[in-house]
Amino acid sequence: MNKIWLIIKREYITRVRTKSFLISTLIVPLAIVGLMAASIWIAINSNEKVTIAVKDDSHLFEDKFRGLDQGETLVFKYKKNSDLDELKQQVKNEEIGGVLYIPDIDIDHPKGIKYYANNQLGPTTESVISNALTDVVKSEVLKREGYDIALLKKLDETVGFESIINEKEKSGMSDISSAIGYIMGFVMYMFIFIYGAMVMRAVAEEKTNRIVEVMLSSIKPFQLLTGKVIGIGLVALTQSILWFGAIICAQFILGLVFAGQIQQVADMQTMNVGSNPSEAAVLEAIEALKTLDLSRIWISFFFYFIFGFLFYGAQFAAVGAAVTDDTDANSYTLPISMPIIISIIIMSVAVQQPGASVAVWGSMIPWFSPVVMPARIPFDVSMAEQIISMLILIVSAVAMIWLAARIYRVGILIQGKKVSFKDLGKWIFSKY
Amino acid sequence: MTAIIQIKNLKKSFENHEALKDVNLDIHQGVIFGLLGPNGAGKTTLIRNLTQIYRPDSGDIFFKGEKLQPKHILNIGYMPEERGLYKKMKIEEQLIYLGRLKGLSAKEAKEKVKKWMDHFEIQSWKNKKTEDLSKGMQQKIQFIATILHEPELLILDEPYSGLDPINANLIKDEMLKMRDNGTTIIFSTHRMESIEELCEEIALINNGEIILQGKVKEIKEENKQNLYNITLSSESKWSDTLNNKYPAQQVEENVYQISLHQNNSNELLLDIIHTKASVIGFNEILPTINEIFIQKVKNYQS
């Protein structure tokens, strides 16, 4: 046990100290934060700053443009008494951005509304204005026909529904659950692949630089293999925790820095969509997050991360021990990587239909469960189901390590011989 | 002399060949023991059984009378023929790590690494990575890694392979020093020259079997062919009378080789002196281990 610990420590420390680990650990969160910051910045700065004078001869729109002002970026000035030509002159002199001219229109045939300016309006602003115009004309027509406007506005609202799962309220959570499920499944997939390949390379390196015989005169192959997989698995875990941590911190900081602007962008978007009030949606999402069992999600994530990595890392180690050069390695990793790729496909079903039988079975089979089950956890998988899946994975991971160690102990000492799958089978049952 | 290693009826086979067929061998404490054999004879397999990398199919190995078990790892140092170190690791760290895997505590490992690095005067290299070292330097490090835990039994598989003469000599001196301090050394090689100057005892392994074992001196005695070289002074010559009685072969100028059937060297000397020839050299020729080795392997094959 003490020796496995020594191996784990070396594998962990020598990797965490490398420049490449430091760089990859920093770059990914920086890239994500950069993307977030850039998208916020673009959202804020993509709005043109324009002051629009509204010359309204129909007198239908008097108050309608007041509420549409968006800070400094879009300002409407309702000019009752100015002359149109005078305003056009002001546009030419660049005192104002443009003039919206609404003639005395016929609400049944609203034609002849014009916008005079030096520059074309962007599509967002255009749709803001067009929506406002449509709204007013629609209301006017309805009013004339004798409808109750207030009632109609009310009818415009979307009717939602609340899900009650296992007697717990889960309003509007399925989108959030999908998102969390997808992220977890994907992170798992990525780390198994990247760090699994790292285990394979590390084993192959020990084999080619021949230190392995010195090692094996001090420790058992099983200890060396287990220590290696766990050590590298911990590196992966460290990196994922740092990434999550960095992204959460960055989100928080960005939130503080851009607080005003984010609100503004949110408001803008709400307005463009029309009637759906954003605050309600945000609140709903926060409520949904609260109802999620976050501690269970995290614990499950780490559990599946660790045991999934042991399960797959052992296989990669066995391949690393069996092959003598990199070109061989590719043909051997295929049987390992196929199930990982299939589990991503099952996972994308699982986040849409967590109860689908392929998702349920996928979260039991150890080749798929490390990716599929974490994706299903936010949907409130029954505890019994999860425990069964976990037990299967623990047993399979231990069995896989045992199996891998049997291939490993033979393969690691064989040099320069091309190994077939049949050989691997023989090694498992041979005594050394 | 007590045996540090006793091997009894050791058998080991792989898929389709018997690597060791019923090996029995005693290795005495405090000697340099030569394990000889052609390539593929089973030397490395035998060693891997001693270092517990392989488990015997049947038979037993005893270390100082006790059945060989994992705790003996600390008492055995092993330098395999195919050597290697972690390229990206710093030397000091690497040595401490390897020492700790042998079972040394962190503190002990550190002290011993310092001691040996001082001994080889390479303290200034301790923070260098292995890949930055010359090959000769790497070999020194490898040797330190093998003896760091000061094992009672040191197993060196082809220790000179790939070594330049300076490092080979250095390792030879260390081996002698360690032997004098009571360490037993198993020295495996297929190169006989190195055996004669170092080993007191040898075993010859061929095709998975021990075909010869014992003290070097005794083996040579047993295998000698009663050959003598006689050197005469330049004026003297090997007369026909002498040649009738003792058919000689001139091997060099004035040097004659004679094979005596009985050990009657005094009579021979008297006969020579009677011919008035003056003898300036007379010596018995013992076979080299190399000759015995080749002879034995040939006999074995036929």
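Select Glu150(B) first: this residue is partly exposed, with a relative accessible area of 35%. The model is a predicted one. Glu150(B) sits in the loop that runs between α4 (135–147) and β7 (153–157) of chain B. Inspect the backbone here as well, since phi of Glu150(B) is near 50 degrees, a positive value in a residue other than glycine.

Move next to chain A and select Arg210(A), for which phi is likewise positive, at about 70 degrees, although the residue is not a glycine. Its setting is the loop between α6 (174–208) and α7 (211–216) of chain A. Is Arg210(A) buried, partly exposed or exposed? With a relative accessibility of 24%, Arg210(A) counts as partly exposed, because that class lies between the limits of 20% and 50%.

Remain in chain A and display helix α2, residues 19–45, in which Leu30(A) lies. Leu30(A) is exposed, with a relative accessible area of 58%. Now add Leu22(A), Ile23(A), Leu26(A) and Ile27(A) to the selection; with Leu30(A) they form a nonpolar patch on the surface. Together these five residues have about 510 Å² of accessible area.

Return to chain B and select Leu35(B), in strand β3 (residues 32–36). Leu35(B) has a relative accessible area of 2% and is therefore buried, the limit being under 20%. Which residues is Leu35(B) in contact with, leaving aside its neighbours within four places in sequence? They are Lys43(B), Leu46(B), Ile47(B), Ile186(B), Phe187(B), Ser188(B), Thr189(B), Ala203(B) and Ile205(B). For a distance across the chain, pick the C-alpha atoms of Leu35(B) and Ile280(B): they are separated by 38 Å, and the two residues are 245 apart along the chain.

The last stop is a sheet in chain B. Select its 4 strands, which form an open sheet in the order β2-β1-β4-β5 with antiparallel pairing. The edge strands are β2 (17–28) and β5 (66–67) of chain B, each pairing on one side only. Between β1 (residues 3–14) and β2 of chain B, the antiparallel pairing extends over 8 bridges. Within this pair of strands, select Ile5(B) and look across to Ile27(B) in β2(B), which stands opposite. Finally, show helix α1 (residues 43–50) of chain B, which packs on the sheet and touches β1, β2 and β4 (58–63) of chain B. The direction of this helix makes about 120 degrees with that of β1(B).

Note on methods. Residues are numbered from 1 along each chain as its sequence is written. Chains are lettered from A and ligands numbered from 1 in the order in which they are written. This is a predicted model: local features need pLDDT of at least 70, side-chain atom pairs count only at pLDDT 80 or more; totals for chains, interfaces and linings use all residues. Side-chain values use heavy atoms; hydrogens and water are left out. Two strands pair if DSSP finds at least two bridges between them. Helices (H or I, at least four residues) and strands (E, at least two) are DSSP runs, numbered from the N terminus. Contact means heavy atoms within 4.5 Å. Axes are lines fitted to C-alpha atoms, for helices over the stretch in contact, and angles run from 0 to 180 degrees between N-to-C directions. Patches are made of residues with over 30% relative accessible area and no salt bridge: like charges are joined within 9 Å, nonpolar side chains (Val, Leu, Ile, Met, Phe, Trp, Tyr) within 5 Å. Accessible areas come from the Shrake-Rupley method with a 1.4 Å probe; for residues, only the protein chains shown count as cover. A salt bridge is a side-chain nitrogen of Lys or Arg within 4 Å of a carboxyl oxygen of Asp or Glu. Buried means under 20% relative accessible area, exposed over 50%, partly exposed in between (1.4 Å probe, protein chains only).
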